Amino acid sequence: MPTVEIDPDELRELTGHDDKDDDALREDLFALGLEYEGETDDGEFELEFAPDRLDRLSVEGVARSLRYQYGDDRGVYVPNTNDAEWTIEVDADVPDERPYVTGAVVRGLDMDEAALESLIQLQEKLHATMGRQRAKGAIGVHDLTMLKGQVAATGGENTPEEEDDPRTETASPGGKSVRYTGIGKREDTFVPLEENHEMNPQEVLMGHHTAHKFADLVESYERMPAIYDDIGLFSFPPVINGKRTEVTTDSRDLFIEMTGTDQRTIDQMLSIVCYALDARGGRVEEVDVEYADDASGDYAGHTLTRPLFETKTKTVAHSDVESTLGIDLDGEEVVELLERAGLGVVAVDPDTDTDALTYEVEIPPYRVDVLHPVDVIDDVGRAYGFNELEPRYPDVSTVGGRHERSRLERAARTALVGLGFEDLLNFHLISEEANYDRLDVERPERSSGDGASGENRERGSDVLGAGDPAVIQEPYSEDYEIVRTWALPSVMLVLENNTHRSYPQDLSEVGFAAEQDGDEATKMAERQTVAAALARHDASYEDAKGRLQALCRSFDVELATPPTEHPSFVSGRTADVVIDGEKVGVIGEVHPKVLVEYDLEVPVAAFEFDLDALRE
């Protein structure tokens with residue numbers, strides 16, 4: 001899970017509770033769901049946070065949650081915004097791959113060292129989560145005093161020569177503007193951060209010691225994203241900002257711009273940043289985003305005013321609150337708890353009947369995690385205190401027991417451990433790259449949503465792991481884009497992370513996998529799968545088959561291994577796993593190019609098959 005570093009002294013200052021010692025703070029943070037993981041050398045708390053609460057990626061967001069928890073603040077807070085003075089103009093030259101932009105101005109900040117470090121951490125954490133390592137959204141923060149926006153008193157037209165110059169901008173009458181455009185890789189130069197000489201975008205991608213890490217995001221673009229003011233190029237998103245507008249502890253007014261592949265995502269990221277700066281005493285000022293009529297994307301010809309501080313509403317039934325949390329509450333208690341969670345609420349009881357009582361709950365802009373009424377109920381439980389819930393026996397007459405499938409899983413794990421494997425428990429979500437590309441398995445074409453069919457389905461059934469996956473529509477991390485279609489990629493990731501440990505490493509996992517299947521009622525074929533790998537200097541097909549034979553004997557099933565081909569394994573050293581006459585998996589020596597992909601310097605032999613094949 002991600003961690004965030006928080007200075008406890010700063011947390012006390014921002015919450016106004018100087019009386020809280022470190023132990024009390026840790027208890028209060030745990031009540032919010034933030035687990036203490038230790039301290040840095042500077043005495044800062046390292047806190048593990050749930051990736052849904054992205055508003056707590058900074059000390060300002062954590063302090064806000066604590067003030068609500070303490071009852072110092074109540075209800076929804078939306079910062080006041082000043083009218084827009086600045087405009088971001090989006091022209092037709094912007095790369096089609098990254099068409100969207102948003103922005104805001106924040107004035108009157110006291111940007112000391114602590115505030116600057118918090119802003120940088122928030123920027124990095126948002127890049128890693130919502131921004132998908134800057135691929136979906138990237139943040140640029142600039143010293144506003146170093147920008148020169150053209151003041152257009154008449155709003156006159158530019159000459160053809162000016163229109164061809166990417167430095168030229170056309171500001172709204174009486175306002176100031178910057179221009180989001182696209183340029184060639186060698187078309188213009190600027191001085192990037194941490195450099196003292198001018199470089200063009202190509203030189204930045206090839207030679208800048210920090211920016212080259214993000215070169216793969218734009219290297220396939222025909223034109224590079226670029227943002228200009230009246231002086232020249234000052235931002236090369238999503239790669240690096242210019243040194244001219246670098247933010248320091250002397251900065252008081254900031255210009256924030258964010259570019260990305262999805263307008264909603266960058267607007268949400270902007271709200272979180274603006275709320276953090278508002279907590280530092282900044283005054284948020286709107287920015288107009290003007291998309292040209294011929295701009296790419298969904299907003300051509302539109303003008304958007306940002307930041308988008310709009311609240312949303314969820315309707316929650318009182319009966320759902322009580323049944324989900326398992327406690328009895330009256331309406332006034334629920335209203336109080338919702339307000340202490342930072343939400344606005346109006347109770348609606350048209351029939352003066354408790355069963356009909358509902359709540360219209362107002363959600364603040366920074367709460368990007370609230371997607372369903374159950375998320376609101378979770379906030380009620382958090383404000384009430386999950387530690388305050390008293391355990392009780394369920395009001396049923398039956399006695400619980402282990403499910404047959406669970407017994408089979410436990411038996412398989414026990415047998416694998418007895419054969420010398422170390423049992424693993426991995427996430428069921430994975431990236432598409434890890435599930436397919438890194439093991440040289442061709443990605444299936446996306447289905448229409450009714451399940452894999454035709455050519456996709458045949459490929460998925462013929463090659464283990466190549467099925468059409470269940471896709472997460474808006475993942476907060478590029479590492480968790482799909483539900484895995486097989487478990488071997490997860491085992492290989494563990495081997496990759498364990499290269500610093502001694503060998504042999506014999507790993508196994510009994511876990512979940514799924515792929516789309518139009519013949520299923522749910523359109524998804526779900527299964528429990530057994531994956532195992534032997535990593536050692538002498539690992540071979542025979543070693544893996546010997547372990548598999550022993551496993552099958554312990555379950556009294558018949559094993560056959562006819563030769564086959566699979567792109568993840570060495571040709572001629574690969575076989576189908578056939579149990580009781582049914583093909584259920586694959587076994588073989590992992591291909592050298594896959595080993596190189598995972599930086600493994602020892603051979604690996606592996607197998608994977610459906611757990612149900614072991615059922616008598």
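**Entry 1: a pair of strands**

How many bridges join strand 15 to strand 16? I looked this up in a model that is predicted. Five bridges join the two strands, which run antiparallel. Strand 16 covers residues 358-363. Within this pairing I noted that V345 stands opposite V361 in strand 16.

I recalled the general rule: strands of a sheet pair through backbone hydrogen bonds, either parallel or antiparallel.

**Entry 2: the sheet around the pair**

I next traced the sheet to which these strands belong. It is an open sheet formed by three strands in the order 14-16-15, and the pairing is antiparallel. I then asked which strands stand at the edges. They are strand 14 (312-317) and strand 15 (344-348); each has a single partner strand, so one side of each is left without a neighbour in the sheet. I also looked up the turn between neighbouring strands of this sheet, which is 20° on average, direction ignored.

**Entry 3: helices on the sheet**

Which strands does helix 8 touch? Helix 8 (residues 318-325) packs on the sheet and touches strand 14 and strand 16. The direction of helix 8 makes about 70° with that of strand 14. Helix 10 also packs on the sheet, where it touches strand 14 and strand 16. For helix 10, the angle between its direction and that of strand 14 is about 75°.

**Entry 4: the largest cavity**

I turned to enclosed spaces and found two cavities of 30 Å³ or more in the structure. The largest cavity holds about 140 Å³ of space. It is lined by 14 residues, of which L32, R53, R56, R340 and A341 are the closest to its centre. I sorted the lining by class and recorded seven charged, five nonpolar and two polar residues.

Helix 10, already noted on the sheet, returns here: helix 10 (373-384) and helix 3 (59-70) each supply at least two residues of this lining.

**Entry 5: the second largest cavity**

What volume does the second largest cavity have? I recorded about 30 Å³. Its lining consists of E60, A115, S118, L119, L122, A276, L277 and R280. The elements that give two or more residues to this lining are helix 4 (113-128) and helix 7 (263-279). Helix 4 gives the most, with four residues. By class, I noted five nonpolar, one polar and two charged residues in the lining of the second largest cavity.

Notes. Residues numbered from 1 in each chain as written. Predicted model: local features only at pLDDT ≥ 70, side-chain atom pairs only at ≥ 80, totals over all residues. Heavy atoms only, no water. 1 Å grid on protein atoms, 1.4 Å probe; cavity = no way out; pocket = protein on both sides within 12 Å on 5 of 7 lines; lining within 4 Å. Points joined across faces, edges and corners; volume = space filled by probe spheres on them. Nonpolar A, V, L, I, M, F, W, Y, C, P; charged D, E, K, R; others polar. Pairing = 2+ DSSP bridges. Axes fitted to C-alpha atoms, helices over the stretch in contact; angles between N-to-C directions. Contact = heavy atoms within 4.5 Å.
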